Amino acid sequence: MSAEQGNPGATVSGVVAIIRLRESEPDDAIATALLGGGVNVMEVTLPTPGALGVIRRWSAHPGILVGAGTVRTASDADAAIAAGARFLVTPTTMPDVLGVARAAGVPVACGALTPTEIDLAWGHGAAAVKVFPVSALGGAGYLRAVREPLDDVPLLPTGGVGLEDVASYARMGCVGVGVGGALVSADLVAARRWGAITERAGAFAAAWNEGLAGRDA
């Protein structure tokens, strides 16, 4: 993925699967299940047990674009990049994180919510802006209003994104969607229901592509 601002390329785009677990290190079968459904962009949040090891393993797979989420400090960024993260995702806009990433040529999707925060993140050099938590302010309706004056900013709605929302976000021009528990839930992982994750991934990927087709129509 290009680190050039405004060209998030193939990494922070489409359906971004957010792997956020509290109790156990993610099984590599999660990545296999996501790939089986057509989702190859995966964000492993740093508070997840064994996150850096997971990023290291998955980054060696040629079909996976893996990044680190919940990156809040320069040391977080250094560790994630050293482990092989292809992109970083932050909950807020942290200039220190952006500085480390810029030096390493790694793009960052910075978290923001209000129009002011979104514009500031973009101005600080974010490759994309994660609008989080988007569902708290009305989801697609809110984002549609925000995009009116900020249509040059690549937006990645995250937080409460469900299958029913995905096509709308794609049609309105968002660069991608961040999807957590609606795609990779702790319950499915605990039950080792990899097939269910593949089915969900397929449904989310299909909805995104449907929305893209509507955008081009």
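Author: The pLDDT is the predictor's confidence in each residue, on a scale from 0 to 100. The structure above is a predicted model.

Reader: What pLDDT does the protein average?

Author: A score of at least 70 is reached by 94% of the residues. Over residues 1-10, however, the pLDDT is below 50, although this stretch has 23 contacts in the model beyond near neighbours in sequence. The average for the protein is a pLDDT of 93.

Reader: Which helix gives the most to the largest nonpolar core?

Author: The largest nonpolar core has 69 residues, and Leu 34, Trp 58 and Leu 88 have the most contacts inside it. Apart from this core lies another, of 10 residues, with Val 16, Leu 65, Val 89 and Ala 128 among them. With 8 residues, the element that gives the most to the largest core is helix H9.

Reader: Which residues is Trp 58 in contact with, leaving aside its neighbours within four places in sequence?

Author: Trp 58 is one of the residues with the most contacts inside the largest nonpolar core. Its partners include Asp 27 and Asp 28. Listed in full, they are Ile 19, Pro 26, Asp 27, Asp 28, Ile 30, Ala 31, Met 42, Val 44, Ile 64 and Val 66.

Reader: Is Arg 57 buried, partly exposed or exposed?

Author: Arg 57 is found in helix H2, residues 51-59, and touches Glu 25, Pro 26 and Asp 28, not counting residues up to four places away in sequence. Its relative accessible area is 35%. Buried means under 20% and exposed over 50%, so Arg 57 is partly exposed.

Technical notes
Residues are numbered from 1 along each chain as its sequence is written. This is a predicted model: local features need pLDDT of at least 70, side-chain atom pairs count only at pLDDT 80 or more; totals for chains, interfaces and linings use all residues. Side-chain values use heavy atoms; hydrogens and water are left out. A nonpolar core is a set of buried Ala, Val, Leu, Ile, Met, Phe, Trp, Tyr and Cys residues joined through side-chain atoms within 4.5 Å. Buried means under 20% relative accessible area, exposed over 50%, partly exposed in between (1.4 Å probe, protein chains only). Helices (H or I, at least four residues) and strands (E, at least two) are DSSP runs, numbered from the N terminus. Contact means heavy atoms within 4.5 Å.
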